[in-house]
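Q: Please take a close look at one helix packing in this model, and then place it beside the chain contact and the sheet.

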Amino acid sequence: MQRGISYTQSFFTLLQRDLRIAVRHRGDIFNPLLFFIMVVTLFPLGVGPEPQMLSRIAPGIIWVAALLASMLSLERLFKADFMDGSLEQMLLSPQPLPILVLAKVIAHWLLTGVPLILIAPLLAVLLNLEQNSYGALMATLALGTPVLSLLGAIGVALTVGLRKGGVLLSLLILPLYIPVLIFATSAIDAAGMNLNYGGQLAIIAAMLVGSLVLAPFAIGASLRVSTN
Amino acid sequence: MTDSHPTTLVSADALTCIREERILFDELSFDIQAGDIVQIEGPNGAGKTSLLRIIAGLSRPYAGEVLYQGDNITRCRDEFNEDLLYLGHLAGVKSELTAEENLNFSLRISGYDEFEPREILSKVNLTGFEEALAGHLSAGQHRRTALARLWHTNCRIWILDEPFTAIDKKGVEELEQLFLAHADRGGCVIMTTHQDMSKIGDDKLRKIKLDYRFV
């Protein structure tokens, strides 16, 4: 009875399990994506189809919709595991908890964040986004959505034990999302004006690195508190 | 084990638990030695599950501490978790995964990398159901999927919350035999159950009684 699972193996074991569960439960993947598409397509109907106006507000719309879609999908991150007792097993696993929660968050991002990034350029066409801004849009989404998942997961971990944690969750994590939103939209705007947007991108990248390193510990500690 | 120097695996030191402003137990202390099979007894709401969760380190006691080989479990969590197998009354079985995938996952996450899942499942009478989604299994089979881990473990401390729920008579006997064998190997079993056990006699079974208190 050898115990020889390395940290990397336990990370991929959990990642694989979560992806497999999601594939068998497809609604969970499409729901946030559908929300994202609907919000973005409804805006031109609401504010009028004037191309100049749309291209002015496009970065904001896409980012706000992506942010809300990510928040909408977060609540389920630990809920199912909490309800069926798998979360307890994870907390008692001899593998380090931060590695396990990081695997869960990354699985979640692969399922909800990546589809948003892939569909975003298509929606940007609908909103007549500036030609120069596409690169910045993709770069900010690629760096920013994992930050949203990681920071959001702390809030989810804190509220997983509550029966109606949804409202509290939004209040907890929205303030943490605001810096990402500000720098991302500012980078896209700068790119639209042919300015250098490396600075904003670097700040989002710094947030990503910071949250990648620190958030798993915070999530682990929050889960221990919530299951108390 | 009838060693002259029994090793204490887990001990509770003056544990107090308060839930919903009611004292469930107060200053509860006990030692659990290698070879013990301990049943926590008490009516519904007496705090049996709370006590098990505190021993496992999932909940924190209001006062007092749980010691693993003399150390507070919050200070030696890694070693303790490596030696602990906890099955709560929620089985931790994913209904979207098959029985085999569930077992695979729970064993790998506990650190085991070489095992034969089908062979282990056959020990809990799940041969032929390896590919069935756990959500489609009966309540008893669902429970057996979780219990299968007991057949492949080198943890010494087993904490089991109502392990016999939904298990048929023959299955209960098999489990009891497994517990006895585990105790002989130098492990300990801490469990709650309302069922009578046929194989584990009163001489083998230690009981810790919790009363329902109105304070």
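A: In this predicted model, helix H3(A) passes helix H8(A) in a right-handed crossing. The axes of H3 (residues 51–74) and H8 (residues 166–192) of chain A come within 10 Å and cross at roughly 150°; because angles over 145 degrees count as roughly antiparallel, H3(A) is roughly antiparallel to H8(A). On the H3(A) side the contact is made by Pro59(A), Gly60(A), Trp63(A), Leu67(A) and Met71(A), while H8(A) contributes residues including Ile173(A), Tyr177(A), Leu181(A), Ile188(A) and Asp189(A). By class, this contact of H3(A) with H8(A) has 9 nonpolar, 3 polar and 1 charged residues.

The contact between the chains takes 26 residues from chain A and 28 residues from chain B. The largest share of the side of chain A that touches chain B, 6 residues, comes from H1(A), and that side of chain A has, by class, 8 nonpolar, 12 polar and 6 charged residues.

Within chain B, an open sheet of 5 strands follows the order S6-S7-S8-S3-S9 with parallel pairing. Strands S6 (84–87) and S9 (205–209) of chain B stand at the edges with a single partner strand each, so one side of each is left without a neighbour in the sheet. The twist averages 15° from one strand to the next. S3 (residues 37–41) of chain B and S9(B) pair in the parallel sense over 5 bridges, with Leu205(B) in S9(B) as the bridge partner of Ile37(B). Helix H6 (residues 169–184) of chain B lies across S3, S7 and S8 of chain B, running at about 145° to S8(B).

Note on methods:
Residues numbered from 1 in each chain as written. Chains lettered and ligands numbered in written order. Predicted model: local features only at pLDDT ≥ 70, side-chain atom pairs only at ≥ 80, totals over all residues. Axes fitted to C-alpha atoms, helices over the stretch in contact; angles between N-to-C directions. Helix = DSSP H or I, 4+ residues; strand = E, 2+ residues; numbered from the N terminus. Parallel < 35°, antiparallel > 145°, perpendicular 65-115°, else oblique. Left-handed = near helix turned anticlockwise from the far one by under 90°. Contact = placed C-beta atoms within 7 Å. Nonpolar A, V, L, I, M, F, W, Y, C, P; charged D, E, K, R; others polar. Pairing = 2+ DSSP bridges.
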